[in-house]
Amino acid sequence: MQNHEDFKAILPAPAAIISLLHYYAPWSLPCRRQCLVLHEFLRNCRQPPQIVPIDVEIFSRMAESTTIQSIPTIIILSHGRERRRLVGLQPLEVLQQVTAEAAKAAVFL
């Protein structure tokens, strides 16, 4: 993704049940570690959510508009609405738990 138009083109549709917006910076060691955890998370998912990587240096206005103050930050969306925000490096188990909770809650929307 090189600009805001590219970002809008891949932004999850509200119909997508669960999506993760991953705010990161490529130079950040915790962000790079979070990417490895996210890859492992995707390998273990039966129905993987859409993950949208957002470089905060390229998409600084997007990061500001969603009040990203620290990286890595993962925003969990359910049907296009923010359900949970995780700040800092998250272990695999936390990602599995919060996405399972968001998926269960999405059934009742």
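A pocket here is an open set of grid points with protein on both sides within 12 Å along at least five of seven lines, and a residue lines the pocket if one of its atoms lies within 4 Å of a point. Keep in mind that this is a predicted model.

**Exercise 1. Work out which helix gives the most to the lining of the largest pocket, and what kinds of residues line that pocket.**

Start with the pocket itself: its volume is about 410 Å³. Next, look at who sits around it. There are 14 lining residues, and the closest to the centre are Ile-18, Gln-47, Pro-49, Thr-99 and Ala-103. Now go through the elements: helix α4, residues 92-107, comes out on top with five lining residues. Finally, sort the lining by type, and you get nine nonpolar residues, four polar and one charged.

**Exercise 2. Put the strands of the sheet in order and find its edges.**

Begin with the pairs. Strand β1 (residues 18-24) runs parallel to β2, with six bridges between them; along this pair, Tyr-24 faces Asp-55 of β2. Then take β3 (residues 73-78) and β4 (residues 81-87): these are antiparallel, again joined by six bridges, and Ile-74 has Leu-86 in β4 as its bridge partner.

Put together, the four strands make an open, mixed sheet in the order β2-β1-β3-β4. β2 (50-55) and β4 each have a single partner strand, so they are the edges, and one side of each has no neighbour in the sheet. Ignoring direction, neighbouring strands are turned by 20° against each other on average.

One last step: what packs on this sheet? Helix α2 does, touching β1, β2 and β3, and its direction makes about 160° with that of β1.

**Exercise 3. Hunt down the unusual backbone spots.**

First, a reminder of the background: most residues other than glycine have a negative phi, and most peptide bonds are trans.

Now walk the loop between α3 (60-65) and β3, where you'll find Pro-72. The bond joining Ile-71 to Pro-72 is cis, with omega about 0°. Thr-67 belongs to the loop between α3 and β3 too, and despite not being a glycine, Thr-67 has a positive phi of about 50°.

Then move on to the hairpin of β3 and β4. Two residues lie between its strands, and His-79 takes a positive phi near 55°.

**Exercise 4. Decide where to trust the model.**

Take the overall numbers: the mean pLDDT is 86, with 82% of residues at 70 or more. Then compare elements: confidence bottoms out in helix α1 (residues 4-10), at a mean of 58, and peaks in helix α2 (residues 29-44), at 96.

Note on methods
Residues numbered from 1 in each chain as written. Predicted model: local features only at pLDDT ≥ 70, side-chain atom pairs only at ≥ 80, totals over all residues. Heavy atoms only, no water. 1 Å grid on protein atoms, 1.4 Å probe; cavity = no way out; pocket = protein on both sides within 12 Å on 5 of 7 lines; lining within 4 Å. Points joined across faces, edges and corners; volume = space filled by probe spheres on them. Nonpolar A, V, L, I, M, F, W, Y, C, P; charged D, E, K, R; others polar. pLDDT = per-residue confidence, 0-100. Pairing = 2+ DSSP bridges. Axes fitted to C-alpha atoms, helices over the stretch in contact; angles between N-to-C directions. Contact = heavy atoms within 4.5 Å.
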